[in-house]
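Here are some short exercises to work through with the model open beside you. Try each task before you read its solution.

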Amino acid sequence: MRKILITGGAGFIGSNFVIYMKGAHPGDRLIVLDKLTYAGNLENLKGIKDGEGFRFVKGDINDFELLDSLFQKEKIDIVVHFAAESHVDRSISGPRSFIETNINGTFTMLEAARRHWPGVADAAGKRFLHVSTDEVYGSLGPTGYFTEETPYSPNSPYSASKAASDHLVRAYFHTYGLPAVTTNCSNNYGPYQFPEKLIPLMIINALTGKPLPVYGDGQNVRDWLHVEDHCRAIDAALEKGRPGETYNIGGRSERKNIDIVKLICSIIDEKAASDKGFAGEYPLDGSRTSLIKYVTDRPGHDKRYAIDCKKIESAAGWKAEENFESGIRKTVDWYVENRSWWERIMSGEYMDYYDRQYKGLAKMPKTQS
Ligand code: NAD
Ligand code: TYD
């Protein structure tokens with residue numbers, strides 16, 4: 001039985017990974033460590049009960065004593081490190097927590113792993129899988145792709161903090177022989193994504209008849225990866241990834257922001273046209289594209305991200321399977337069917353930030369560290 005410590009397992013990707021692993025590897029013991037910040041939500045894990053195969057621990061990745069006792073008592077073999085502050089806009093208005101969690105927290109995780117897995121020779125079966133982002137590479141022009149050799153050039157406090165954590169992971173492999181693998185993936189979408197990120201925010205606002213805030217001219221491009229494809233890629237990187245290596249993970253699905261927003265509007269318009277009850281709830285004359293509102297651009301907004309993921313495709317036999325058009329339809333359906341999940345979030349503390357967001361970033365506080 002592998003004992004896998006999953007940090008940030010109550011967040012968006014982490015909870016999808018726990019659900020995926022329960023199905024794909026039911027013999028593993030999963031220990032989730034999560035601080036339950038605004039982004040962590042135990043409802044995401046509601047179908048999974050504490051027992052031999054699963055344990056939830058509320059705690060901070062900066063708490064070395066807690067990590068030390070978890071490594072010792074649970075005899076951890078594998079770490080999958082998701083825990084992070086993850087939203088670029090929040091890193092602009094308040095960068096401090098990004099430094100504390102993404103840099104100091106990753107450092108504390110590495111120190112705990114180093115203490116309990118001393119040296120490559122003793123580390124058979126051990127892995128520290130660090131989940132990172134393509135944003136560490138900076139911004140692309142209209143052509144070209146990020147490869148694993150692309151120099152780091154982070155532009156936001158978020159991406160700079162993730163870049164710093166990637167460098168620490170790299171250094172722990174080279175200096176201490178820690179068996180670490182880093183994955184850098186593109187923008188994820190799917191169930192349980194917190195409604196501050198583009199896709200869930202647009203779905204929920206389009207469903208509830210609120211403005212759809214498009215930053216700048218809406219021409220920025222992201223590569224989109226369905227979260228289940230990402231979970232399979234992490235599983236593949238755990239099985240086939242080599243310590244000291246990094247692997248880019250992408251969906252081969254580049255889209256302009258404005259095209260995504262229009263696609264979400266047309267999917268919801270279609271649903272409203274075919275289901276009178278649905279339309280009656282939020283009646284709208286004409287298309288939901290009328291809700292689109294161009295707002296002040298994000299400062300330092302990266303123009304384009306695109307991933308070359310040939311390395312993980314050939315090294316681990318992984319390939320993204322979800323097609324963006326069907327993936328986004330399934331995602332809209334999930335938010336329609338799981339209204340109580342996001343309504344609870346929207347009615348809480350998050351609302352304050354949400355209100356400011358659709359009025360445009362210019363109205364956000366300048367500093368909030
Ligand atoms: P998320 O914000 O949805 O979840 C983060 C989780 O980490 C939450 O459950 C939160 O409670 C927990 N957490 C935060 N600080 C913590 C701390 N100090 N100690 C313990 N737990 C803490 O994030 P996500 O979108 O699921 O992203 C997960 C990882 O994937 C992050 O490392 C992120 O940088 C990376 N990533 C995300 C995307 C994306 O599109 N979402 C893309 C590339 C990489
Ligand atoms: P986001 O989901 O915040 O992810 P990231 O910044 O990590 O790529 O944003 C995706 C893209 O959508 C990015 O170019 C910013 C843009 N965006 C908007 O235009 N409006 C919004 O309300 C949000 C949240 C994002």
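**Exercise 1. Find how many salt bridges the structure holds, then look at one within a helix.**

Step 1. The structure holds 26 salt bridges, each being a side-chain nitrogen of Lys or Arg within 4 Å of a carboxyl oxygen of Asp or Glu.

Step 2. One of them joins Glu-111 to Arg-114, with 3.0 Å between the closest N and O atoms.

Step 3. Both Glu-111 and Arg-114 belong to helix H4, where they sit 3 residues apart, about one turn of the helix. Helices here are DSSP runs (H or I, at least four residues), numbered from the N terminus.

Before going on, please keep in mind that this is a predicted model, in which local features need pLDDT of at least 70, side-chain atom pairs count only at pLDDT 80 or more, and totals for chains, interfaces and linings use all residues. Residues are numbered from 1 along each chain as its sequence is written, chains are lettered from A and ligands numbered from 1 in the order in which they are written, and side-chain values use heavy atoms, leaving out hydrogens and water.

**Exercise 2. Describe how H2 packs on H4.**

Step 1. The axes of H2 (residues 64–74) and H4 (residues 96–116) come within 9 Å and cross at roughly 35°. Axes are lines fitted to C-alpha atoms over the stretch in contact, and angles run from 0 to 180 degrees between N-to-C directions.

Step 2. Contact means heavy atoms within 4.5 Å. On the H2 side, the residues in contact are Phe-64, Leu-67, Asp-68, Phe-71 and Gln-72; their partners in H4 include Glu-111, Ala-112 and Arg-115.

**Exercise 3. Do the same for H1 and H7.**

Step 1. Helix H1 (residues 12–24) and helix H7 (residues 227–240) have axes that come within 9 Å, crossing at roughly 65°.

Step 2. Among the H1 residues that meet H7 are Phe-12, Phe-17 and Tyr-20, while H7 brings residues including Val-227, Ile-234 and Leu-238.

**Exercise 4. Characterise the contact between domain 1 and domain 2.**

Step 1. An automatic or database assignment sets the bounds: domain 1 is 3–190 + 224–253, and domain 2 is 198–219 + 255–299 + 324–354.

Step 2. Their contact takes 14 residues from domain 1 and 18 residues from domain 2, and the C-alpha centres of the domains lie 29 Å apart.

Step 3. Between the two domains, the count is 2 salt bridges.

Methods: Helix = DSSP H or I, 4+ residues; strand = E, 2+ residues; numbered from the N terminus.
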